[in-house]
Amino acid sequence: MTDIEPDATVDARGAACPGPLMDLIGKIRGAESGDVIRLLSDTDQSLTDVPEWTEEAGNELLAVEEGDDHNAFYVEKA
Amino acid sequence: MTERIVIVGGGTGGSVLANDLADRLEPELDAGDVEVTLINDGPDHVYKPVWLYVPFGQREPADGRRALDELVDDAVELRIDRVTDIDTESQRLTFHGNAPTVGYDHLVLATGSTLEPDQIPGLAEGGHDYYSESGATALRDELLEFTEGDLVLSVIGTPHMCPAAPLEFVFMADDWFRERGLREDVDITYTYPIQRVHGNPHIAEWARPIMEERDIEVETFFNAESVDPEAETITSMEGTELDYDLLVSIPPHGGVDLIEEAGLGDDGWVDVDKHTLEAEAAENVYALGDTADTGVPNAGSVAHYQAGVVGQRLASEVRDRPATATYDGKTLCFIETGMDAASFVEFDYERPPSPAPPSEKLHWSKLAYNEAYWLTARGLL
């Protein structure tokens, strides 16, 4: 468990299309620099999608909590 | 006591539902035990898929408009007015001006999507779209004159209406310029927010090789941050800058403000149970179509199928029977792959899409459905 306090959470569990990464990007778009967004996703694809995008966009993936039925991603907006 | 069903929004979901209820609850409506009211903020029903063809000079915006009072059954009370507040505690709606408030026993929200280009600095001035009547006609004026340069289609808003339409636009533009001998003078670039060319991996996997074959440039991980109309550039959050001569965007979308103000969900989308379509934050409220945050595409077919489910559930509730109808995520889309060919997908929560091989037959099926749509709006198809 991480002790990071997110500024906002995006619960994308069950999101099929356009999917959790799109939901995360939408939230990051409206966030302030330095804000931490927590993404909840039950799609395994997020384990590769989210790190790829955060690196591409210059944001920081602070932590990933892997759970039984979903994962939590903590992303800080650059 | 008369049981009052109020539907807000006269697009595909609202109109199909109103006509569905007029048929399904005919005995109760005749007896005065139930009344169904459809509220829309304008007199016309608008069929938005027509707009894809407007920029190519193939359809007119008027082809996608019909008066609601011609489409909706006479047993439904049609009210042209703007709802300004939803009170889910007292179950009342407030209207623009000084009109008396209206109570409901069952509320259905089908308010749809609105465009929010102002979220991206410079987009309203520098970009065109085909997601509105005015946008489609302005784009038509540009596109018909466009004979050389960089055409950039940028998908900015997600979720957005008709997820297939950005692919359709670039496939159609490619074919249209080729047929006119102009393709070598026009570079087409397609940008998408994530690492694929479509949100759905199966559709993305199908579309990507077609784009390569047709020489459509692709920029993935491109989330537009700003547009410079003077310099004719669009810049992404990821730091990529593209030059354009004609920018076509899918602008950011949002729902209507009153949904968030009523505490029903963020950004104008109602949080619902994705099977029953009941609002999670209030009793006796349903949402359907774009308004219902189900994770399925914002598409007319979705609104159409969901209207059937909500119609069945409301009829059960009116008759004091358990409501058992549920929505399974069914979505159906034709996807134009050129000016004379189209593909087709059908999928649901459990079964992923598998695009059909493009054919002329499917293209004509799409055009035929666009005409037959008026039967759907009337609740007949």
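B:Gln91 counts as partly exposed in this predicted model, because 19 C-beta neighbours fall inside 10 Å, whereas burial would require 20 or more. The residue is found in the loop between β6 (83-87) and β7 (92-95) of chain B. Its phi is near 55 degrees, a positive value in a residue other than glycine.

A second residue of chain B is described in the corresponding terms. B:Glu232 lies in the loop between β14 (224-228) and β15 (233-236) of chain B. Here too a residue other than glycine has a positive phi, near 55 degrees. B:Glu232 has 17 other C-beta atoms within 10 Å and is therefore partly exposed. The table sets out the two residues.

| Residue | Phi | Loop in chain B | C-beta neighbours |
|---|---|---|---|
| B:Gln91 | near 55 degrees | between β6 (83-87) and β7 (92-95) | 19 inside 10 Å |
| B:Glu232 | near 55 degrees | between β14 (224-228) and β15 (233-236) | 17 within 10 Å |

Another backbone feature of chain B concerns a peptide bond. The bond that joins B:Thr158 and B:Pro159 is cis, with omega about 0 degrees. B:Pro159 belongs to the loop between β11 (149-155) and α6 (165-179) of chain B.

Strand β2 of chain B, residues 34-40, is mostly covered, with 5 of its 7 residues buried. Two strand pairings involve β2(B). With strand β1 of chain B (residues 3-8), β2(B) pairs in the parallel sense over 6 bridges. Within this pairing B:Val8 has B:Ile39 of β2(B) as its bridge partner. Strand β5 of chain B (residues 77-80) is joined to β2(B) by 4 bridges, and these two strands also run parallel. Here B:Asn40 is matched with B:Ile80 in β5(B) as its bridge partner. Thus β2(B) is bridged to β1 and to β5 of chain B.

The remaining topic is the interface between the chains. In it, 16 residues of chain A are in contact with 17 residues of chain B. On the side of chain A that touches chain B, the elements that give two or more residues are α1 (20-30) and α2 (46-57) of chain A. By class, that side of chain A comprises 9 nonpolar, 3 polar and 4 charged residues.

Methods. Residues are numbered from 1 along each chain as its sequence is written. Chains are lettered from A and ligands numbered from 1 in the order in which they are written. This is a predicted model: local features need pLDDT of at least 70, side-chain atom pairs count only at pLDDT 80 or more; totals for chains, interfaces and linings use all residues. Two residues are in contact if their C-beta atoms, placed from the backbone, lie within 7 Å. Ala, Val, Leu, Ile, Met, Phe, Trp, Tyr, Cys and Pro count as nonpolar, Asp, Glu, Lys and Arg as charged, and the others, Gly among them, as polar. A residue is buried if 20 or more other C-beta atoms lie within 10 Å of its own, exposed if 12 or fewer, and partly exposed in between; C-beta atoms are placed from the backbone. Two strands pair if DSSP finds at least two bridges between them.
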